[in-house]
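Me: I should like to learn how the features of a protein model are read, one after another. Please begin with a single side chain and its exposure.

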Amino acid sequence: MDHVAAVRAYYSALDEHDYSALSDLLAPTFVHDRPDRTLDGREAFVSFMRDDRPNKRTSHELDELYENDDGSELVVRGRLLDADGERLFHFVDVHRFEDGVVVELRTFARRE
């Protein structure tokens with residue numbers, strides 16, 4: 001799977017609550033660094049998304065995707081929407097790949 005397809009599958013897995021598919025896209029050593037916390041390890045991340053995230057009734061609208069020259073990173077600019085389609089915030093996610101899976105995700109978010 002190419003990196004663009006992998007990133008699209010990542011957001012689909014989150015939005016559809018398909019935690020098995022989500023896990024398959026991430027390295028065991030995956031780290032998610034976000035404004036409010038750092039989740040260290042694939043299992044910790046998937047567990048948080050499945051059990052502890054504050055709002056599971058959301059969807060990700062992707063506006064733009066940019067891949068760096070060597071293909072090791074893919075940057076996504078988008079919006080997180082609530083169940084009614086209202087924007088919760090804008091985000092920029094930087095996905096770093098190794099051996100075809102995401103090893104690191106850095107999230108930058110801005111509420112309006």
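Reply: The model is a predicted one. Exposure is read from relative accessible area, where values between 20% and 50% count as partly exposed. Arg79, at 23% relative accessibility, is therefore classed as partly exposed.

Me: With which residue does the side chain of Arg79 meet in a salt bridge?

Reply: The partner is Asp63, with an N to O distance of 2.7 Å. The pair links distant parts of the chain, since Arg79 belongs to strand S4 (residues 73–82) and Asp63 to strand S3 (residues 58–67), 16 residues apart. Asp63 is likewise partly exposed, at 32% relative accessibility.

Me: How many salt bridges does a search of the whole structure find?

Reply: The search finds 10 salt bridges. One of them joins the side chains of Arg34 and Asp36 at 2.6 Å, N to O. Asp36 has a relative accessible area of 45% and is partly exposed. Another joins Glu98 to Arg96, whose closest N and O atoms are 2.8 Å apart. Glu98 is partly exposed at 41% relative accessibility, and Arg96 is partly exposed at 27%. Salt bridges may also share partners, and in this way Asp63, Glu64, Arg77 and Arg79 are joined into one network.

Me: Strands S3 and S4 have now been named. In which sense do S3 and S4 pair, parallel or antiparallel?

Reply: S3 and S4 pair in the antiparallel sense, over nine bridges. Within this part of the model, Thr58 stands opposite Asp82 of S4.

Me: A sheet is read by the order of its strands. What is the order of the six strands here?

Reply: The order is S2-S1-S6-S5-S4-S3, in an open sheet with mixed pairing. S2 and S3 stand at the edges and have a single partner strand each, so one side of each lacks a neighbour in the sheet. On average, neighbouring strands are turned by 20° against each other, direction ignored.

Me: Helices may be placed relative to such a sheet by their contacts and their angles. Which strands does H1 touch?

Reply: H1 packs on the sheet and touches S1, S3, S4, S5 and S6; its direction makes about 170° with that of S3. H3, for its part, lies across S1 and S2 and runs at about 60° to S1.

Me: The faces of a helix can be told apart by burial. Which residues of helix H3 are buried?

Reply: In H3 (residues 42–52), the buried residues are Phe45, Val46, Phe48 and Met49. Viewed down the axis of H3, they fall within an arc of 155°, so they line one face of the helix. The face turned away from this buried side carries the exposed residues Glu43 and Asp52. The buried residues pack against helix H1 (3–16), helix H2 (19–24), strand S1 (26–34) and strand S2 (37–40).

Me: Buried nonpolar residues may join into a core. How many residues has the largest nonpolar core, and which have the most contacts inside it?

Reply: The largest nonpolar core has 24 residues, and those with the most contacts inside it are Tyr10, Leu22, Leu26, Phe45 and Met49. At least two residues of this core come from each of H1, H2, S1, H3, S4, strand S5 (87–98) and strand S6 (101–110). H1 gives the most, with six residues. Leu22 illustrates the packing: leaving aside neighbours within four places in sequence, Leu22 is in contact with Tyr10, Ala13, Leu14, Phe45, Val46 and Met49.

Me: Is Ser23 of helix H2 buried or exposed?

Reply: A residue under 20% relative accessible area counts as buried. Ser23, found in helix H2, has a relative accessible area of 13% and is therefore buried. Not counting residues up to four places away in sequence, Ser23 touches Arg42, Glu43 and Val46.

Me: Finally, which residues are in contact with Phe97, leaving aside its neighbours within four places in sequence?

Reply: Phe97 is in contact with His3, Ala6, Val7, Ser72, Leu74, Val102 and Val103. Phe97 has its place in strand S5 and counts as buried, at 5% relative accessibility. Burial may be complemented by a distance between C-alpha atoms: those of Phe97 and Phe45, 52 residues apart along the chain, are separated by 16 Å.

Technical notes:
Residues are numbered from 1 along each chain as its sequence is written. This is a predicted model: local features need pLDDT of at least 70, side-chain atom pairs count only at pLDDT 80 or more; totals for chains, interfaces and linings use all residues. Side-chain values use heavy atoms; hydrogens and water are left out. Buried means under 20% relative accessible area, exposed over 50%, partly exposed in between (1.4 Å probe, protein chains only). Helices (H or I, at least four residues) and strands (E, at least two) are DSSP runs, numbered from the N terminus. The arc is that of the directions from the helix axis to the C-beta atoms. Contact means heavy atoms within 4.5 Å. A salt bridge is a side-chain nitrogen of Lys or Arg within 4 Å of a carboxyl oxygen of Asp or Glu. A nonpolar core is a set of buried Ala, Val, Leu, Ile, Met, Phe, Trp, Tyr and Cys residues joined through side-chain atoms within 4.5 Å. Two strands pair if DSSP finds at least two bridges between them. Axes are lines fitted to C-alpha atoms, for helices over the stretch in contact, and angles run from 0 to 180 degrees between N-to-C directions.
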